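Let us take a friendly walk through this model together. Please have a look at the sequence and the structure, and then read on.

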Amino acid sequence: MGKTALITGVTGQDGSYLAELLLSKGYTVHGLVRRSSSFNTERVDHIYQDPQTANRSFVLHHADLSDGVALVNLLRDIRPDEVYNLGAQSHVRVSFDAPLYTGDVTGLGALRLLEAIRASGVDTRIYQASSSEMFGSTPPPQNEQTPFHPRSPYGAAKVFAYWTTVNYREAYDMFAVNGILFNHESPRRGETFVTRKITRAVARIKAGLQDHLYLGNLDAVRDWGYAPEYVDVMWRMLQQDEPTDYVVATGVAATVREFVESSFSHAGLDWTEHVRYDAKYERPSEVDALIGDASKAHDLLGWKPSVLVAELAQIMVDADIRQVEDQLAGATVRIDR
Ligand code: NAP
Ligand code: GDD
């Protein structure tokens, strides 16, 4: 019998790659989908299985991280071997506009899930999607010993979820781990995160669909990796003998400006002719520099990233160019795999 996993946030960037990975390993994958007035499953449509399919290996359930009772019921029904908590209001800038909602879903949501595991009595392992955003203003390089100093409601909510996960491990002997992941991107990245906003604009500018791209702070430094490689390490964390927390990063730094330059030049464009500043995209308090030291993950999990920032920009630009070409040709636009 293969294992069973429950993924919250299965419709997101990471959730979709993780679902594919677990299916390829023979898991039965259950995904939590929140109710929306229009379809919100585009990233997993290619692995969707109709409810009429016999012995489904991929099953979606309507629930929400704000609804603790639904989480208990879901866990009782599914009895997963592994739970991956990827669901969150994950946009840092938006967390300043919706701080209470972000605290509720991104912070308390993790606690609800941990309590639901206890209440349901299910013996399972849980991965919590923690974030380099928790380090905030503490200077790089950042590793598992680096103190947190969050700079946004999102970062503060993730710190709450982090310590709650540690506490459930210590108090209840749960196999609960935090993956402290640095920024990771892909052609499936949400369109309002800076990398995808840039690569999508490059494709549209090249096709003559827009002239300008408006951005905020170009000086911020990030450690950008490739999302499919980051979901692999989530799975590895839950296969260990002992639960512990890990930083996951490439260790390679780039500014937003450098990502802009790489992306535009890959498409044969001069970024200075197209990029404009709009203060609207600045944050009330910024995280200036995140550069991770993932030595522990390298040593204990045997994990090493292979796609670094320059190649990442090329992968994303090429995928967005293909998507725009498909759109212009009137073809059914398929999410890049
Ligand atoms: P994402 O693309 O924004 O996906 C977030 C997922 O959470 C989506 O499936 C979303 O559903 C779901 N969600 C939002 N509110 C929810 C609610 N109230 N109840 C249940 N589900 C809800 O994020 P991602 O990039 O895949 O990141 C996955 C996780 O890792 C997140 O927790 C994020 O904070 C964390 N993280 C990400 C990075 C990164 O660089 N990508 C780095 C560190 C940590 P909809 O599809 O309906 O919106
Ligand atoms: N989104 C966005 N839009 N960011 C911009 C823009 C813009 O127009 N212009 C400049 N930036 C800068 C931001 O100020 C930030 O310093 C940097 O680009 C990256 O922004 P995002 O791509 O929105 O990501 P993030 O680093 O704030 O957060 C992401 O990474 C975290 C891990 O460190 C998200 O995926 C979080 O969920 C994740 O935890």
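How many Å separate an oxygen atom of ligand 1 from an N or O atom in the side chain of Asn40? In this predicted model, the distance between the two is 3.2 Å. The backbone takes part as well: a polar backbone atom of Leu86 lies 2.9 Å from an oxygen atom of ligand 1. A nitrogen atom of ligand 1 has a partner too, a polar side-chain atom of Tyr101 at 3.3 Å. On its own, ligand 1 has 900 Å² of accessible area, and the protein covers 90% of it.

Now step back to the whole shell. There are 26 residues around ligand 1, and those that come nearest are Thr11, Asp14, Asp64, Ser90 and Tyr154. By class, the shell is made up of eleven polar, ten nonpolar and five charged residues. Helices α1 (13–24), α4 (99–120) and α5 (153–172), along with strand β5 (125–131), each supply at least two residues. Strand β5 gives the most, with three residues.

From the ligand, we can turn to the nonpolar cores. In soluble globular proteins, nonpolar side chains tend to be buried together. Here the largest nonpolar core has 46 residues, and Ile7, Leu18, Leu22, Tyr84, Tyr127 and Met237 have the most contacts inside it. Helix α7 (residues 227–238) gives the most to this core, with eight residues. Leu22 is a good place to zoom in: leaving out residues up to four places away in sequence, Leu22 touches Ala5, Ile7, Tyr27, Val29, Tyr84 and Trp235. Apart from this core lies another, of 27 residues, including Ala201, Trp224, Leu312 and Val317.

Note on methods. Residues are numbered from 1 along each chain as its sequence is written. Chains are lettered from A and ligands numbered from 1 in the order in which they are written. This is a predicted model: local features need pLDDT of at least 70, side-chain atom pairs count only at pLDDT 80 or more; totals for chains, interfaces and linings use all residues. Side-chain values use heavy atoms; hydrogens and water are left out. A residue is near a molecule or strand if one of its heavy atoms lies within 4 Å of it. A polar contact is a pair of N or O atoms within 3.5 Å; within protein, one must be able to donate a hydrogen and the other to accept it, and residues adjacent in sequence count only if both atoms are side-chain atoms. Accessible areas come from the Shrake-Rupley method with a 1.4 Å probe; for residues, only the protein chains shown count as cover. Helices (H or I, at least four residues) and strands (E, at least two) are DSSP runs, numbered from the N terminus. Ala, Val, Leu, Ile, Met, Phe, Trp, Tyr, Cys and Pro count as nonpolar, Asp, Glu, Lys and Arg as charged, and the others, Gly among them, as polar. A nonpolar core is a set of buried Ala, Val, Leu, Ile, Met, Phe, Trp, Tyr and Cys residues joined through side-chain atoms within 4.5 Å. Buried means under 20% relative accessible area, exposed over 50%, partly exposed in between (1.4 Å probe, protein chains only). Contact means heavy atoms within 4.5 Å.
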